[in-house]
Each structure stands twice: as C-alpha cells, then as structure tokens.
Amino acid sequence: MPDNDWKTMELKTRHEIEKMKIAGSILAKILSELSQSCVPGKTTSSIDALAFKLCEKYSAKPTFFGYRDYPGAICISVNDEVIHGLPGKRVLKEGDLIGLDMGVTYEGWIADSALTVIIPPFSKKMEKLRDTTQKALYAGIKAAKPGSKLFDISSAIFKIIKENGFSSVREFVGHGVGRNLHEEPSVPNFVPENNSGFRNIKILPGMTIAIEPMVNEGSHNVKVSGDNWTVTTADGKLSAHFEHTIAILKNEIHVLTKREDEKIDEIIKF
C-alpha cells in the first residue's frame, strides 16, 4: 500500500470517540476489579465468571465471548502463556504472573485493554518484566502523534523492550479498533524489516488503535497450544502483556481505557 493510503481505515468523529470512551471507562473499571480478584486459590474460570457479571452490571457486552467461537469473557494467560489463555480449572497460586485481556462493547463501540498482575511474593526479574512491558506501552502511546508514522510507535515500544534485555513477540500485534474488534491498521511491537507485510502509514487524527506490547523473558518465539487458543512462549519462559485503546486527535491523545491507579495522563497534549 502506498505510504499515505489510509482509506481502508475508518477515522472516527469526536462524537464516536466519546462513545468509545464510555466503553473504555467501563472496561477500565472491570479490569481493575478483576485484577484484585487474582489471589491464591481462585480458578481462572471464577475470574471469567466475575467478568460476565461485571459486564451485566455496567450494561456492556463482553466482546470476546463468541468471537470466532471464543468461550469466555476474558483471556487469562498465566506465566509462560502469552495471550489467549482460556479460562478453566487452573488454580492461581503465589508467584503467578497473570495477563488479563478483555474487550467490551457499549452501544456498538468497542474498547480493548490488558494488564499483567503478579501474586506476591515474586522475583525482581518478574517485576522488571511486568514493569518494562507497561513502560513500553506508555512509550508507544506517547509516540502516536498525528504526522508521525506507525513505525514510530513500534520503534518506541521496541527500544524499551530491547534496552531491558527482553524480547518482543512478532506473530501477534496491536490493531485498529472501533465498531469491530480488529480493524486496520496492524501495529507491530518491533521495527519491521522491508517487505514484512506491515504498512508504515501516517498517523492521522481520528484513528483509534489498541497498542499492546507482548514481551517475553527469553526468545520472542511463541507456539499455539493444543486447545488452538492459548499462545505460549516457545522456550517456556515468562511473558507479560499490557494494552490500551487510544484515540488520536489533532493536538492530543486520549487513553480511553486508562485505569484510576495508572501513572499516565488520560489526555496527553502536545
């Protein structure tokens, strides 16, 4: 696609972004509550059941449920599981690193977000992996300025990951989001080489994207488990995942899924 060919993307109006912001605020509340429920003895299915109840409470729909026949409201990925972990009978324990990934739909508009929590006690290396992934997300968000290129986001993310000695998953990337869970453009978390299949398009006001670094302790290689959903690290080492849906306006970036406890501004002006 030519460098400035963005016509396959749906640029959102300010009114539409406000609708997505409502979905985002609901999702932020749900994820905050789900993260607090990650304690020893809880099963991943019980956390998923809570996600369904909270969607009902806030009059929102769990976007993932039924998407390509996905059976849960959330993806809950533990330790070496990167993304798409299926809720089930697994019992959480001390020292588990847990990725919670969820989307909600409100009045036809979707927000998508993820965070990683760790049940104490945990190692400094595990804490560094989690914190690096979150820092990489924030760096990517701040790089999403109109007039910049998509790979400026990728470069900002990849720099943080590489500097801290970790690796960025390449088979799965961020994406546009809005009326559909996955829209154009794809947002890689590494700097693609020439002819890699990703488009280095110009960032424009009205774009709404889900930026989501997936960071591995060891190799960037991953594999899909026998359930055809759960993605794990190929070397069995740990992985962390953070994600936010953002809206890009002329002079500012709105973090639509910001949680109250986060140290990032909901509106980033430039």
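## Meet F122

F122 touches E127 and R130, leaving aside residues up to four places away in sequence. Keep in mind as you look around that this is a predicted model. You'll find F122 in the loop between β5 and α3.

Is F122 buried, exposed or partly exposed? With a relative accessible area of 31%, F122 is partly exposed, because buried would take a value under 20% and exposed a value over 50%. Now look at L97: F122 and L97 are 25 residues apart in sequence, and their C-alpha atoms are 8.7 Å apart in space.

## Helix α4 and what covers it

Next up is helix α4, which runs over residues 150-163. How far apart should its ends be? At 1.5 Å a residue, its 14 residues should span 20 Å, and the end C-alpha atoms are in fact 21 Å apart, so the two values agree.

Several residues of α4 are buried: L150, F151, I153, S154, A156, I157, I160 and I161. What covers them? The cover includes α3, along with the strands β6 (167-168), β8 (183-187), β9 (208-211) and β10 (214-216). Step just past the end of α4 and you meet G165, which takes a positive phi of about 85°.

## A little sheet

Two of those covering strands, β6 and β10, turn up again here. An open sheet is formed by 3 strands in the order β6-β10-β13, with antiparallel pairing. Which strands sit at the edges? They are β6 and β13 (239-241), and each of them pairs on one side only.

Zoom in on the pairing between β10 and β13: it is antiparallel and goes over 3 bridges. To see one place where residues face each other, find V215, which stands opposite A240 in β13.

## The largest pocket

Time to look for empty space. Rolling a probe the size of a water molecule over the atoms shows where such space is left.

The largest pocket has a volume of about 650 Å³. Its lining is made of 25 residues, and the ones closest to the centre are S32, R259, E260, D261 and E262. Which elements each supply at least two lining residues? They are α1 (14-36), β5 (109-118) and α3 (124-142), and α1 gives the most, with 7 residues. Sort the lining by class and you get 11 charged residues, 7 polar and 7 nonpolar.

## The second largest pocket

The runner-up pocket has a volume of about 480 Å³. How many residues line it? There are 22, and Y67, R68, H84, F172 and H182 lie nearest the centre. This second lining divides into 10 nonpolar, 7 charged and 5 polar residues.

## A closed-off space

How many cavities of 30 Å³ or more does the structure hold? The count is 1. About 40 Å³ of space lies in the largest cavity, and unlike a pocket, a cavity is a space that the probe cannot get out of.

The residues lining the largest cavity are M9, E10, K12, E183, E184, P185, M207 and T208. Strand β8, which you met as part of the cover over α4, gives the most to this lining, with 3 residues. By class, the cavity lining has 4 charged residues, 3 nonpolar and 1 polar.

Technical notes:
Residues are numbered from 1 along each chain as its sequence is written. This is a predicted model: local features need pLDDT of at least 70, side-chain atom pairs count only at pLDDT 80 or more; totals for chains, interfaces and linings use all residues. Side-chain values use heavy atoms; hydrogens and water are left out. On a 1 Å grid over the protein atoms alone, a cavity is a set of points where a 1.4 Å probe fits but cannot get out, and a pocket is an open set with protein on both sides within 12 Å along at least five of seven lines; lining residues have an atom within 4 Å of a point. Grid points are joined across faces, edges and corners, and a volume is the space filled by probe spheres set on the points. Helices (H or I, at least four residues) and strands (E, at least two) are DSSP runs, numbered from the N terminus. Ala, Val, Leu, Ile, Met, Phe, Trp, Tyr, Cys and Pro count as nonpolar, Asp, Glu, Lys and Arg as charged, and the others, Gly among them, as polar. Buried means under 20% relative accessible area, exposed over 50%, partly exposed in between (1.4 Å probe, protein chains only). Contact means heavy atoms within 4.5 Å. The expected span of a helix is 1.5 Å times one less than its number of residues. Two strands pair if DSSP finds at least two bridges between them.
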